[in-house]
Amino acid sequence: MDEYFFNVDSGYLEGLVRGFKAGILTRADYMNLTQCETLEDIKLHLQSTSYGTFLQNEPSPLAVSTIDDKMKELLVVEFRHMRSHSVRPLSQFLDYITYSYMIDNIVLLISGTLHGRPASELISNCHPLGSFEQMESVCIATTPADLYNAVLIDTPLAPFFQECISQQDLDEMNIEIIRNTLYKAYLEDFYRFCKEQGGATEDVMCGILQVSVLSSLITLKGCMEL
């Protein structure tokens with residue numbers, strides 16, 4: 001019966017995904033990009049691909065950082081469009097994808113806040129796919145206790161943080177240990193979610209996540225031995 005109702009929840013998104021897949025740069029596109037001598041040449045070539053005119057309003061001379069920022073912006077717009085039209089369990093799966101970027105952002109905010117860096121500078125350096133509404137409240141915290149409470153109350157990472165990081169750790173632990181401890185908890189939870197879905201989600205994602213968990217454990221062990 002599920003096949004009869006597939007289009008109700010997933011038909012539009014399947015069309016989007018097929019469109020995105022068709023727009024992936026081809027081998028010929030990459031060969032042409034390697035022949036470009038300037039960033040302006042790259043801009044002209046990308047205009048003939050699915051990227052279109054996303055750089056048309058950018059003044060010359062172009063900077064690599066500008067192209068990177070605009071590509072991230074395009075990715076985030078398309079991702080959020082898919083997320084806003086999805087229902088569970090797909091919406092939850094897409095949320096999990098953003099959590100890895102949130103962890104990087106949170107670790108950046110924690111490290112910057114503890115070292116007294118301005119909030120505006122920290123937020124501008126965060127990855128847009130890992131942004132969340134309460135990011136600024138994390139930067140407002142002035143003590144490790146305030147910082148810990150801000151993360152627990154105002155971020156989607158609270159379950160991972162509460163499970164494996166204590167308030168004292170913000171003072172005592174190496175920031176890379178915090179990052180990899182959070183990654184481990186996140187990846188294990190993502191693995192459990194994919195396992196519960198079964199089918200192609202389990203077959204494809206569980207193998208990928210097992211490798212990621214192993215890599216995180218190796219990195220965590222290396223950090224703790226330093």
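**Exercise 1. Salt bridges**

How many salt bridges does a search of the whole structure find? Work through the pairs Glu73–Lys70, Asp95–Arg83 and Lys195–Glu202.

*Solution.*
Step 1. The model is predicted. A search of the whole structure finds ten salt bridges.

Step 2. Take Glu73 and Lys70. Their closest N and O atoms are 3.6 Å apart. The cut-off is 4 Å, and the pair forms a salt bridge. Both residues sit in helix α4 (residues 64–84), three residues apart, which means that about one helical turn separates them. Glu73 has 44% relative accessibility, so it counts as partly exposed.

Step 3. Turn to Asp95 and Arg83. Their side chains meet in a salt bridge, with an N to O distance of 2.8 Å. This pair links distant parts of the chain: Asp95 belongs to helix α5, Arg83 to helix α4, and their positions lie twelve residues apart in the count. Asp95 is partly exposed at 23% relative accessible area. Arg83 is partly exposed too, at 28%.

Step 4. Lys195 forms a salt bridge with Glu202; the closest N and O atoms are 3.0 Å apart. Lys195 has a relative accessible area of 44% and is partly exposed. Glu202 is partly exposed at 22%.

Step 5. Look for shared partners. Salt bridges join Glu58, Lys70 and Glu73 into one network.

**Exercise 2. Two helices in contact**

How do the axes of helix α5 and helix α11 cross? Classify the arrangement and list the residues that meet.

*Solution.*
Step 1. Locate the elements. Helix α5 covers residues 90–114, and helix α11 covers residues 175–197.

Step 2. Read the geometry. The axes come within 10 Å and cross at roughly 170°. Angles over 145 degrees count as roughly antiparallel, so α5 is roughly antiparallel to α11.

Step 3. List the α5 side of the contact. Its residues include Gln92, Phe93, Tyr96, Ile97, Tyr99 and Ser100. Further along α5 come Ile103, Asp104, Val107, Ile110 and Ser111.

Step 4. List the α11 side. Ile175, Arg179, Leu182, Tyr183 and Tyr186 take part, along with Asp189, Phe190, Phe193 and Cys194.

Step 5. Sort the contact of α5 with α11 by class. It has 14 nonpolar, three polar and three charged residues.

**Exercise 3. Aromatic rings**

Which parts does the pair of Phe160 and Tyr186 tie together? Name the geometry of the pair and the members of the aromatic cluster.

*Solution.*
Step 1. Start with the total. A search of the whole structure finds ten aromatic pairs.

Step 2. Describe one pair. The ring centres of Phe160 and Tyr186 are 6.2 Å apart, and the ring planes stand at 75°, so the pair is edge-to-face.

Step 3. Place the two residues. Phe160 lies in helix α9 (residues 158–164) and Tyr186 in helix α11, so the pair ties together parts that are 26 residues apart in sequence.

Step 4. Check the surroundings. Phe160 and Tyr186 are both buried.

Step 5. Widen the view. One aromatic cluster is formed by Phe93, Tyr96, Tyr99, Phe160, Tyr183, Tyr186, Phe190 and Phe193. Members such as Phe93 and Tyr183 also appear in the contact of α5 with α11.

**Exercise 4. Cis peptide bonds**

Where are Pro61 and Pro89 found? Give omega for the bond before each.

*Solution.*
Step 1. Recall the background. Most peptide bonds are trans.

Step 2. Ser60 and Pro61 are joined by a cis peptide bond, with omega about 0°. Pro61 is in the loop between α3 (39–46) and α4.

Step 3. Arg88 and Pro89 are joined by a cis peptide bond as well, with omega about 5°. Pro89 is in the loop between α4 and α5.

**Exercise 5. The whole chain**

How many helices and strands are in the protein? Add the burial and the share of contacts between residues 24 or more positions apart. Then place Thr26.

*Solution.*
Step 1. Count the elements. The protein has twelve helices and zero strands.

Step 2. Consider burial. Of the 226 residues, 35% are buried.

Step 3. Consider contacts with a separation of 6 or more. Residues 24 or more positions apart account for 51% of them.

Step 4. Zoom in on Thr26. It lies in the loop between α1 (6–22) and α2 (27–34). Thr26 is partly exposed, with a relative accessible area of 40%.

Step 5. Compare sequence and space. Thr26 and Thr49 are 23 residues apart in sequence, and their C-alpha atoms are 9.5 Å apart.

Note on methods:
Residues numbered from 1 in each chain as written. Predicted model: local features only at pLDDT ≥ 70, side-chain atom pairs only at ≥ 80, totals over all residues. Heavy atoms only, no water. Axes fitted to C-alpha atoms, helices over the stretch in contact; angles between N-to-C directions. Helix = DSSP H or I, 4+ residues; strand = E, 2+ residues; numbered from the N terminus. Parallel < 35°, antiparallel > 145°, perpendicular 65-115°, else oblique. Contact = heavy atoms within 4.5 Å. Nonpolar A, V, L, I, M, F, W, Y, C, P; charged D, E, K, R; others polar. Phe/Tyr/Trp six-rings, centres within 6.5 Å; stacked < 30°, edge-to-face > 60°. Buried < 20%, exposed > 50% of the residue type's maximum accessible area, 1.4 Å probe, protein only.
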